[in-house]
Amino acid sequence: TAGKLQYDVPYVEAGQYAGTAQPGHPGNAVLGGHVSRRGAPGVFSKLPKVVAGDVVEVFRAGQVFRYSVTEIRVVASDATGVMSQTQDATLTLITCFPDDQLRERLVVVGKLM
């Protein structure tokens, strides 16, 4: 509304951005989710504490895909370059940062193990 970006992602699930790779396949699988809402934990509640080398598990269609975190950064809310496709099987997790504000995004990137 009024030219502002709107995000329609449930607070208890992550949503995959259309046109990004499927988890476990070559390319960049980009998932968006929330850290919290009104004090209740969201699907990415632990994301601000992730460090390089941590393992992120993605559950999809009865399979588990494990990614090792390689990069953590904060970017502007309009920095769509983080969604660019990759040659390797990559996972990019995106959430608002700081929590519940739309100015910046916390981006966590991992490579398939």
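**From a loop serine to the sheet and its pocket**

Let's begin at Ser84, which sits in the loop between strand S6 (63-76) and strand S7 (89-97); strands here are DSSP runs of E with at least two residues, numbered from the N terminus. This is a predicted model, in which local features need pLDDT of at least 70 and side-chain atom pairs count only at pLDDT 80 or more, while totals for chains, interfaces and linings use all residues. Residues are numbered from 1 along each chain as its sequence is written, and side-chain values use heavy atoms, with hydrogens and water left out.

Ser84 has a relative accessible area of 41%, so it counts as partly exposed (buried is under 20%, exposed over 50%, partly exposed in between, with a 1.4 Å probe and protein chains only). Its side chain reaches the backbone oxygen of Gly81 at 2.9 Å. That is a polar contact, meaning a pair of N or O atoms within 3.5 Å; within protein, one must be able to donate a hydrogen and the other to accept it, and residues adjacent in sequence count only if both atoms are side-chain atoms. From Ser84 we can step across to Val30: the two are 54 residues apart along the chain, with their C-alpha atoms separated by 9.1 Å.

Val30 leads us on to Thr20, since a polar atom of the Thr20 side chain lies 3.4 Å from the backbone nitrogen of Val30. The Thr20 side chain also reaches the backbone oxygen of Tyr17, at 2.8 Å. Thr20 belongs to the loop between strand S1 (15-16) and strand S2 (27-32), and it counts as buried because its relative accessibility is 12%. Beyond its neighbours within four places in sequence, Thr20 is in contact (heavy atoms within 4.5 Å) with Asn28, Ala29, Val30 and Gln85.

Ala29 takes us into the sheet, where its bridge partner in S7 is Leu91. S2 and S7 run parallel and are joined by 6 bridges; two strands pair if DSSP finds at least two bridges between them. Overall, 6 strands form an open sheet of mixed pairing, in the order S1-S2-S7-S8-S6-S5. S1 and S5 stand at the edges with a single partner strand each, so one side of each has no neighbour in the sheet.

Edge strand S5 (residues 55-60) brings us to our last stop, as it gives the most to the lining of the largest pocket, with 6 residues. The lining has 18 residues, with Val43, Phe44, Val56, Glu57 and Leu93 nearest the pocket's centre.

Technical notes
Helix = DSSP H or I, 4+ residues; strand = E, 2+ residues; numbered from the N terminus. 1 Å grid on protein atoms, 1.4 Å probe; cavity = no way out; pocket = protein on both sides within 12 Å on 5 of 7 lines; lining within 4 Å.
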